[in-house]
Amino acid sequence: MTRASQRTWQALTEVGLVQGDGPALETDSSPWYVKALLAFSGWLAALFLLAFVGAGFVFVVKSGTASLLVGALVIAGAYFILSSPRNEFLQHLGLAVSLAGQALVAWGIFRMLGTGEEVVMWLLLALMQAALAAVMPNFVHRVFSTFLSGLGLAMALVALDVPYLFSGLALFAAAWAWLHEFRYPRHIRTIQAAGYGLVLALVCDKAALLPGIGVVRWTGVQDPDGPWVQPWMGEVLVAAVLLYVVRELFRRHDAPPGLQAAGLLAALVLGGASLEAPGVAVGITIMLLGFAGGNRVLLGLGAAALLFYVSAYYYLLDATLLAKAQTLFIAGIVLLAARWSLRRFVARAGVRSAG
Amino acid sequence: MATERERIIDFVEQGLIAKENIREALRITNATPKAAAWHAFVDRLLLWVGSLALVCAVVFFVAYNWHDIGRFTRFGAVEALIALAVAAYCFMDHRRLAARLSLLAAGVLTGVLLALYGQVYQTGADTWELFFSWALLILPWVVISRFPAMWILWIALVNLSIILYFQVFRSLLAGVLGADDAMLWLLFAFNTLCLVAWELLARVQPWLSQRWAARLLATAGGVSVTLLVLDAVLHRTGFAAAAAWLAWLAVLYLAYRRLRPDLFMLAGGCLTGIVVVVTFVARHLLGDGHAGGFLLLAVLVIGLGAGAAVWLKNVHRAWQT
């Protein structure tokens with residue numbers, strides 16, 4: 001046990017929350033950038049494996065059925081590699097082999113269904129990735145699969161002409177995961193992997209749907225009248241999730257009713273601002289979830305997303321720069337006024353409790 | 001370094017904390033925030049986002065180029081805001097975040113003023129001159145700010161000036177140095193110099209000890225030198241780039257393994273190592289287009305990645321014990 005772990009264990013023992021000498025072993029909790037390195041090398045190796053299959057076994061790539069079958073076998077092989085006793089080389093190998101297998105299965109589905117069945121194709125891919133996220137015994141794999149499953153669902157919704165529903169749905173699922181990460185202690189890493197994967201898919205989807213970036217266009221929304229679900233409807237869903245998160249956090253901290261009302265009002269204002277500048281509420285919600293859980297990675301992700309969305313607002317074509325400047329000016333004044341009010345409220349509460 | 005949160009998760013995973021005690025364990029060890037921490041967080045969040053919104057409002061307003069408003073009114077408005085921001089800094093306690101953000105806002109608005117000048121008078125100046133003048137003009141404020149975010153803004157402006165300068169003078173310098181190489185050398189030298197200065201000064205100036213800024217500088221320098229060495233590998237030119245890259249890796253290892261432990265920096269070194277080695281081998285292996293070459297490369301990547309992960313985890317564990 002490390003010195004820091006010993007200190008933490010001691011603190012918990014003193015208040016009677018744990019008993020005994022402490023953990024006999026340290027679990028694998030490497031920082032996010034070591035996991036990112038693992039993900040990068042797995043992805044790069046998978047590309048070379050695919051090139052190997054493409055160059056050496058042309059018949060596999062030419063036939064949809066063969067791609068599907070070989071891909072499925074490769075994924076099954078990866079499962080057994082990843083299930084073997086912990087060994088860093090095997091973990092890397094399993095991840096790379098699985099990614100290559102997934103690409104073959106995706107290619108097989110694409111070849112067999114053709115271009116007319118986008119919805120079915122994306123839903124199948126989303127389902128496959130969701131199943132892998134649940135089954136594969138590797139944290140990085142689970143994050144990756146949840147991320148791809150989310151993107152698959154997002155693309156299916158695009159093909160159904162309702163692309164803006166995804167952000168609300170994904171944010172709600174991510175919020176639930178992060179607010180309840182300790183509810184099922186045995187599955188804590190699985191829930192966390194799902195939380196990270198969903199947040200990453202959400203951030204990418206939101207960026208791709210922003211006007212000016214235009215992924216939606218090439219993914220083929222065919223309806224000349226445009227999708228019946230408009231962007232603002234997606235933002236309303238996101239605002240509802242923000243309110244749910246704020247309410248849940250207040251409930252956990254037994255906050256006084258006045259503070260709760262002010263907080264919910266502030267969340268409502270932020271949700272409203274997000275109708276004008278898409279993504280702001282998503283960024284803030286991720287930051288709140290990160291801070292609430294003491295999760296710095298999530299907090300940083302939320303901050304980076306927020307900065308990106310505010311920058312992307314410049315390119316939004318629906319409003320003139322003058323209108324955007326007015327919106328931002330009002331939002332800035334309201335937020336700084338809210339800060340001033342909060343400081344006064346806390347100072348008064350401090351005086352009252354001191355009295 | 002592992003946080004309290006990660007340590008509690010470790011215990012939970014091993015079934016050492018009962019489910020009903022988890023929330024209390026998180027609270028007692030400060031793994032999750034208490035009321036005071038929430039207040040400080042919301043306070044900072046409102047201040048940062050509010051200030052960002054106001055500064056962006058000015059940027060958007062000037063970019064709109066509203067002809068109904070006279071040029072002097074526009075200049076007056078931006079200059080008045082700069083004066084207001086500087087006055088706010090002067091009247092507040094300089095150590096407060098609000099004071100530092102005021103100075104940062106003044107720094108950003110100086111760039112807006114220069115852009116407005118170019119917009120109104122159509123000076124015909126190159127873009128790099130705008131960013132370079134901006135960096136020069138705000139340097140005194142940057143020095144007195146004692147604020148990492150402001151220094152990073154300044155360093156970003158200089159980086160941008162260098163990139164834009166080489167976009168303009170590419171044709172002139174291409175024959176002499178190779179314009180892309182010259183730009184990457186300059187970016188590498190500047191960012192590495194900034195990193196060294198940052199780390200040395202952080203020993204005497206506590207406000208410089210925030211790791212995100214040093215990591216950002218190391219990433220900027222590392223990306224530049226990696227691109228240089230990749231270019232050298234792919235075009236079989238420039239031993240200087242390979243030598244600089246190896247020297248940079250050696251110094252990175254010594255500095256962040258021995259002198260100032262930082263696993264992020266070591267992970268960055270591993271990443272650039274993997275990319276360069278794989279590119280070098282691929283350059284020699286894939287020439288004849290055999291499928292076996294791809295398989296060998298896949299195994300090489302897996303081996304290097306696994307080796308790097310094992311080493312980083314061992315270093316991490318050694319530091320913790």
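Biologist: Hi! How many residues are in the largest nonpolar core, and which have the most contacts inside it?

Modeller: Hello! In this predicted model, the largest nonpolar core holds 107 residues. Those with the most contacts inside it are Phe48(A), Trp154(B), Trp198(B), Leu263(B) and Leu312(B).

Biologist: Take Leu312(B), then. What is Leu312(B) in contact with, leaving aside its neighbours within four places in sequence?

Modeller: From chain A, Leu312(B) has Val34(A) and Leu37(A) in contact. From chain B, there are Leu263(B), Leu266(B), Ala267(B) and Cys270(B).

Biologist: And how many residues are in the second, separate core?

Modeller: That separate core has 62 residues, including Val203(A), Val282(A), Ala292(A) and Cys56(B).

Biologist: Cys56(B) is in α3(B), right? Which residues of α14(A) meet α3(B)?

Modeller: Yes, Cys56(B) is in α3(B), along with Phe41(B), Val49(B), Leu52(B) and Phe60(B), and they meet Leu299(A), Leu306(A), Leu307(A), Val310(A) and Tyr313(A) of α14(A). The residues of that contact come out as 10 nonpolar, no polar and no charged.

Biologist: Nice. At what angle do α14 of chain A and α3 of chain B pack?

Modeller: The angle is about 20°, and the axes are 11 Å apart; α14 covers residues 296-313 of chain A and α3 covers residues 35-64 of chain B. Angles under 35 degrees count as roughly parallel, so α14(A) is roughly parallel to α3(B). The crossing of this pair is right-handed.

Biologist: Let's move to a pair within chain B. How do the axes of α5 and α7 of chain B cross?

Modeller: Helix α5 (residues 97-121) and helix α7 (residues 148-168) of chain B cross at roughly 15°, with axes that come within 9 Å. That makes α5(B) and α7(B) roughly parallel to each other, and their crossing is left-handed.

Biologist: Which residues meet there, between α5(B) and α7(B)?

Modeller: On the α5(B) side there are Leu103(B), Leu104(B), Gly107(B) and Val108(B), and on the α7(B) side Ala149(B), Met150(B) and Leu153(B). By type, the contact of α5(B) with α7(B) has six nonpolar residues, one polar and no charged.

Biologist: I've been looking at Ser145(B) too. Is Ser145(B) buried or exposed?

Modeller: Ser145(B) is buried, with a relative accessible area of 1%. Ser145(B) sits in α6 of chain B, residues 127-145. Not counting residues up to four places away in sequence, Ser145(B) touches Tyr89(B), Arg100(B), Leu103(B) and Met150(B).

Biologist: Now Glu88(A). Buried or exposed?

Modeller: Glu88(A) has a relative accessible area of 15%. Buried means under 20%, so Glu88(A) is buried. Its place is in helix α5 of chain A, residues 88-113.

Biologist: What does Glu88(A) touch, not counting residues up to four places away in sequence?

Modeller: Glu88(A) touches Leu38(A) in chain A, and Ala306(B), Ala309(B), Val310(B) and Lys313(B) in chain B. Glu88(A) and Leu38(A) are 50 residues apart along the chain, and their C-alpha atoms are separated by 9.7 Å.

Biologist: Back to chain B: how many residues of helix α1 of chain B are buried?

Modeller: Seven of the 10 residues are buried, and this helix covers residues 4-13. The buried ones are Arg5(B), Arg7(B), Ile8(B), Ile9(B), Asp10(B), Phe11(B) and Val12(B). Just after α1(B), Gly15(B) has a positive phi of about 70°.

Biologist: Last one: how many helices and strands does chain A have?

Modeller: Chain A has 15 helices and zero strands. Of its 355 residues, 48% are buried.

Technical notes. Residues are numbered from 1 along each chain as its sequence is written. Chains are lettered from A and ligands numbered from 1 in the order in which they are written. This is a predicted model: local features need pLDDT of at least 70, side-chain atom pairs count only at pLDDT 80 or more; totals for chains, interfaces and linings use all residues. Side-chain values use heavy atoms; hydrogens and water are left out. Axes are lines fitted to C-alpha atoms, for helices over the stretch in contact, and angles run from 0 to 180 degrees between N-to-C directions. Helices (H or I, at least four residues) and strands (E, at least two) are DSSP runs, numbered from the N terminus. Angles under 35 degrees count as roughly parallel, over 145 as roughly antiparallel, 65 to 115 as roughly perpendicular and the rest as oblique. A crossing is left-handed if the near helix is turned anticlockwise from the far one by less than a right angle, and right-handed if clockwise. Contact means heavy atoms within 4.5 Å. Ala, Val, Leu, Ile, Met, Phe, Trp, Tyr, Cys and Pro count as nonpolar, Asp, Glu, Lys and Arg as charged, and the others, Gly among them, as polar. A nonpolar core is a set of buried Ala, Val, Leu, Ile, Met, Phe, Trp, Tyr and Cys residues joined through side-chain atoms within 4.5 Å. Buried means under 20% relative accessible area, exposed over 50%, partly exposed in between (1.4 Å probe, protein chains only).
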